[in-house]
Amino acid sequence: MKKILLFAAVIMATVFTGCKDSGYDGTDVVELMENEPVFMSVKEFRSKAIKTKSAQPIKEQGKICFYDGYLYISEPGEGIHIIDNRNPRSPKAVGFVELEGNTDISVRNDRLYADSYVDLLWFDLADPKNPGYVNRLENAFEYALPPIDNEYWYDYEECFVNTNRNENIIVGWTLKKRKKTYDRSYLYTDNSLSTSWMASADASGGSMGQGVNGSMSRFSLYKDYLYTVISNNMSIFDLSLEKPEKVAEDIYVGGDVETIFSYGENMFMGTPRGMMIYSVKDPLKPEYMSMIWHAWGCDPVVVENDIAYVTVHSGNLCGQNTNELIVIDVSDVRKPAPIVSYTMKKPKGLGIDNGTLFVCDDGLKIFDATKPLEIMANQLVHYQGMEGYDVIPYKNVLMMIAEDGLYQYDYSDPEKISQISKINIGRN
């Protein structure tokens with residue numbers, strides 16, 4: 001993994017600043033912009049009180065989870081907003097959990113699970129408006145890093161080698177210009193890629209016992225287990241116990257995996273280079289099934305009736321200027337087969353419900369996807385004027401989180417889809 005990150009850093013350097021000097025000793029001196037980690041002591045981090053407050057303004061879009069009439073919205077790094085959505089025509093912000101370092105959330109059996117930098121926390125939802133903090137599992141995500149909101153890489157040595165991770169955690173980034181010397185043979189000769197990352201393709205709707213996550217989530221549920229994908233590692237937690245327990249060693253899945261979606265007995269993971277599939281038939285021993293490649297780009301994935309839908313969008317560290325919707329036959333998870341791909345503007349999150357496909361692209365696009373080869377010809381509606389991020393379709397109500405608000409749509413009649421509410425985000 002270390003070589004991969006260093007190689008990526010040099011690629012970014014040559015793209016944005018260029019190679020400054022080459023030595024006859026087989027080294028390159030590179031000038032590059034790099035994210036320098038900002039640290040906080042573990043003692044200070046864990047001494048902070050977990051507070052539940054009255055509703056607060058939502059300043060930034062984030063991951064979403066719907067459970068038992070309530071929508072939970074993670075505001076990156078800040079905490080979790082609680083929306084009473086029992087009447088989606090008149091949603092009400094009713095609470096806020098202040099939680100530093102939060103990115104992802106999931107709900108099962110009246111418990112809300114959330115990451116906070118390297119820890120996993122859980123809350124009692126007996127009163128959904130006022131989640132009660134129960135406890136935390138320390139160091140659940142050993143290699144977790146806060147999100148980076150620019151196109152530059154970070155220094156692996158500073159993050160994982162030159163600091164004591166038992167005493168300090170990374171809570172942010174400072175962008176700085178640096179000069180670094182790299183051994184050319186070390187950078188460009190790499191045998192450390194995992195078999196799952198290099199292998200070819202040959203090698204979550206749910207009941208209200210568990211929440212329904214958006215497609216951008218890095219948390220997914222299967223039976224009594226929570227599966228998370230953070231910093232290239234899959235972790236498994238048993239949620240049937242009084243206290244969640246990590247029940248297996250982290251599995252290095254590689255590929256800079258970004259999202260995870262549970263369907264049947266499999267986990268479908270979105271990575272910048274393709275869709276990866278793991279079987280969880282044995283929940284404690286996930287088995288690599290296959291990987292199907294696509295052009296370099298950030299992507300989530302959803303699945304229904306053995307058809308996977310993947311969006312690929314350009315921007316940030318994803319690199320290429322590719323924007324597509326890809327449809328894949330996954331009836332044989334060991335040999336997923338591409339069906340068709342469609343050019344899009346810049347798609348992000350997506351959802352599928354009973355053949356109706358929702359894609360955050362140039363606003364919100366809704367399609368009849370019952371015939372995969374005719375999806376573009378069967379667009380039902382296109383709402384513009386917002387920058388959609390992710391969606392949850394559930395019982396004929398679509399919940400979409402966007403840059404400027406939470407939008408909701410009634411799709412009970414596909415021929416008469418209509419917006420029914422909006423809660424503003426940010427300055428709007």
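Here are a few questions and answers on the cores and one strand of this predicted model.

Residues are numbered from 1 along each chain as its sequence is written. Local features need pLDDT of at least 70, side-chain atom pairs count only at pLDDT 80 or more, totals for chains, interfaces and linings use all residues, and side-chain values use heavy atoms, with hydrogens and water left out.

Q: Which strand gives the most to the largest nonpolar core?
A: A nonpolar core is a set of buried Ala, Val, Leu, Ile, Met, Phe, Trp, Tyr and Cys residues joined through side-chain atoms within 4.5 Å; buried means under 20% relative accessible area (1.4 Å probe, protein chains only). The largest one has 30 residues. Strands are DSSP runs of E, at least two residues, numbered from the N terminus. With five residues, the top contributor is β24.

Q: Why is strand β32 largely enclosed by the rest of the structure?
A: On one side of β32, Val 397, Met 399 and Ile 401 are buried, and on the other Leu 398, Met 400 and Ala 402 are too. Strand β32 is therefore largely enclosed, because its buried residues number six of six.

Q: How many bridges join β31 to β32?
A: Two strands pair if DSSP finds at least two bridges between them. β31 and β32 form a hairpin with two residues between them, and Gly 388 stands opposite Ala 402. The strands run antiparallel, and the bridges joining them number six.

Q: Which residue in β33 stands opposite Ile 401?
A: A hairpin joins β32 to β33 through two residues, and the two strands pair in the antiparallel sense over five bridges. Opposite Ile 401 stands Leu 406.

Technical notes:
Buried means under 20% relative accessible area, exposed over 50%, partly exposed in between (1.4 Å probe, protein chains only). Helices (H or I, at least four residues) and strands (E, at least two) are DSSP runs, numbered from the N terminus.
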